[in-house]
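Me: Could you walk me through this structure? I would like to start with how a pair of helices pack, then move on to the chains.

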Amino acid sequence: MNLDFSDDQKLLQEEAKKFLTKEDALKINRAVMDSEKTYDQDLWNKIVELGWTGIRIPEEYQGLGLSHLELCVIAEELGRQLAPVPFSSSVYLFTETLIEFGSEEQKHAILPKLVTGDVIGTLAIAETNSAPTKSNISVELKDGKLSGTKIAVPDAEVATHAVVVAKNGDSVSLCVADLNSDDVDITVQRNIDESRGYYSVSFDGANAEVVGDEESGWSNLEKIMDHAAVLFSFEQIGGAQASLDMANTYAKERYAFGRPIGSFQSMKHKLADMYVALTLAKSNSFYGAWALSSNAAELPTAAATARVSATKAFQLCSQENIQTHGGNGFTWEYDCHMFYKRSKVLSLNLGSLPSWREKLIKSLEQANIKL
Amino acid sequence: MDFNDTPQEAEFRAKCRAWLEANAELKTKKTNSAKNMNVGNKSLLEAAAEWQKKKYDAGWAMIHWPKEFGGIGATPIERIIWAQEESKFNVPKGVYEIGLGMAGPVMMEYATDEQKERYLPPMAEGKEIWCQLFSEPSAGSDVAGLRSKAVQDGENWIVNGQKVWTSGAHFSDFGILVVRHDPGLEKHKGLTFFFVDMKSPGIEVKPIKQLTGGSSFNEVYFNDVVIPDSQRLGEIGDGWKVAITTLMNERLAVGDADGVDANEAFELAKKHDKDGEQLIDNNAVRESIADWYCEASGLKNTKLRTMSALSRGDTPGPEASITKIVSANKLQAIGNFGMDSSDMSGMLMDEESDFIKFQMAWMGAAGLRIAGGTDEILKNIIAERVLGLPQEARADKGLAFKDIPSGS
């Protein structure tokens, strides 16, 4: 029985934590929030230098050839310190798609550049305020050209390439487009988290190349969403832990009615509820990490379970952290809001909480899995 | 990461399994509830005694105990493996858990060598049953506020007072007991710990009828009960320290709630027919079941994380402290859901129907949220011991026990 990370993986996590603390990622995140920027170039360059973008890329494409588990521990630390970099878009979404479904030729052309940072990728799915489905995708791929508009595409400005979910005849295909092309128009969209960039991306006959079987785009996307759900769940538990830690510290330092507010039962029970939600989420994320790294048949169920638990935990911990801080928690000056906003962005980016509960029930219906 | 036993663990599991298969019946869907426990024509007490003796003779009764008291010195992970395997079999439960889980560790730590030799083997063998006498009518969550009095009289102590919620007192041979030896001292300092022969003159046991209609608890009255000083565990005034040893064990023992879970809710929702529609097609139902599934899965994987630490020989983290809060509340919610699913007929009880498990869950959960530490006390414990938050300001601090306001 070993539902835990190895000593080497824990060491990697410790190093990631030290690095991000030394760089003061949280302060960098605040600086990004206070500027027009949507990411930090310098921090991103250092992360590329550390080799994190190539963790999962096989050695034959100049990557480190490590497993999803190493990616999970890095994700937890990025989430804990809210690092404002296009890591999740490029690594969990774009790179995962290429590794899973790319042709040999595509892998040789793109994966080594993801390692060096010459290519930064993202994934373009949403089009309207309805949840995307197999039948409502309207961005179209025809004769190798893309047309139509995607919205809420993360990191599209810094990204050089995107995997685009596109209608292709009667089916849906995944395809790769070069975002620097003249036929692509990228416009920043105001979003709730000032430290993250979301964009509308319009394709006007831009060249694109199908990735994976062109008939299986939708089921391939679902698989990538499962991978990303597990990886993001680690960012979420990292953020939830940071929120709980902040609330805990404040509850011990802040006095009211002549005593630390953490000595009041109403505060203790609030923080205990946060701990309970976080513990459930963490254990489910570990289970998701196991299913992902071992390519288990349970992955759709495990991923949805991790996603639902981690979304609930991060949202609860970040909102109750503000509540614990009282009026200070509502200010721009205190860090609480950065976690609150990130928690909401992360709860929506792969589809909402209700849609993932639905995915979970569907996976149970299909797999007939029992606890 | 993997879910496999180490080779040594696998070998141990196979040994457990082989003995259990030769000596007990695997649970089936039908036998998988306490109500259907296959005790044949015997009483639960007789059946439990027979099973305990069988285990003891083969060395499986208390495997983590040292050899001289009937154990095999098993490691914590081996203890879990045994419990996992035993739980797959239809064997009697509910008689020995408190004695072995709570009285056992205290006796092991505080009794003299002669006492250990005298009392531990019969406890493991099931010849003698033990109960725990802590709570009182005015000392529940604040158990250190207990008032039963012990007055020293030469080599003996004379005990007067009343205990309550004592599981199994009516069939127990011995009990572990905390009493107040000096109400002039501060609350926690005036307590002393004993073990007592439940057949002593002056002890009277009265069953308490629970809201389920059953009676597994009792009131226990002490009228001038004589306890030899040799049966004191720990120093005079160390009663709280000794009691804490037991309470920590109780929290491990109460743990997970038995009964209906996300799976049963899911099965029910798929079966149920309402105007030709299944309940599982209702969005609110789907969302609730998804959340219960996540909680159940979270508890299961939390347990596996604890086991992983034990398997490596490490001390587990505090993560298991969430178990009872989550599982008891989930049980209550699922019991409610099950009954609601049958609309007006959800209130009707039928012993023969499988549906009764939702009603029993709903009733039982109300008690489970209190037993072994209420939700509120457990949250305080998480806040104070895990998160390190300061204690609540207390109205009883620094006062002699007799001067503490009691509302009466």
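**Helix packing and chain contacts**

Reply: The crossing of α4(A) and α7(A) is right-handed. Bear in mind that this is a predicted model.

Me: What is the angle between α4 and α7 of chain A, and how far apart are their axes?

Reply: Helix α4 (residues 68-80) and helix α7 (residues 217-253) of chain A pack at an angle of about 40°. Their axes are 6 Å apart.

Me: What word describes how α4(A) and α7(A) lie to each other?

Reply: Oblique: an angle of about 40° is neither under 35 degrees nor in the 65 to 115 range, so α4(A) and α7(A) are oblique to each other.

Me: Which residues meet there?

Reply: From α4(A), they include A:Leu71, A:Cys72 and A:Ala75. Among those they meet in α7(A) are A:Leu231, A:Phe234 and A:Ile237. By class, this contact of α4(A) with α7(A) has 8 nonpolar, 5 polar and 4 charged residues.

Me: New topic. How many residues of chain B are in contact with chain A?

Reply: 41 residues of chain B, in contact with 40 residues of chain A.

Me: Which helix of chain B gives the largest share of that side?

Reply: α8(B), with 18 residues. Helices α7 (262-271), α9 (323-341) and α11 (375-386) of chain B are among those that each supply at least two residues.

Me: And how do the residues on that side of chain B divide by class?

Reply: Into 21 nonpolar, 9 polar and 11 charged.

Me: Last one: which domains does chain B have in its assignment?

Reply: Domain 1 (7-95), domain 2 (130-252) and domain 3 (255-373). The centres of domain 2 and domain 3 of chain B, taken over C-alpha atoms, are separated by 34 Å.

Methods: Residues numbered from 1 in each chain as written. Chains lettered and ligands numbered in written order. Predicted model: local features only at pLDDT ≥ 70, side-chain atom pairs only at ≥ 80, totals over all residues. Axes fitted to C-alpha atoms, helices over the stretch in contact; angles between N-to-C directions. Helix = DSSP H or I, 4+ residues; strand = E, 2+ residues; numbered from the N terminus. Parallel < 35°, antiparallel > 145°, perpendicular 65-115°, else oblique. Left-handed = near helix turned anticlockwise from the far one by under 90°. Contact = placed C-beta atoms within 7 Å. Nonpolar A, V, L, I, M, F, W, Y, C, P; charged D, E, K, R; others polar. Domains from an automatic or database assignment.
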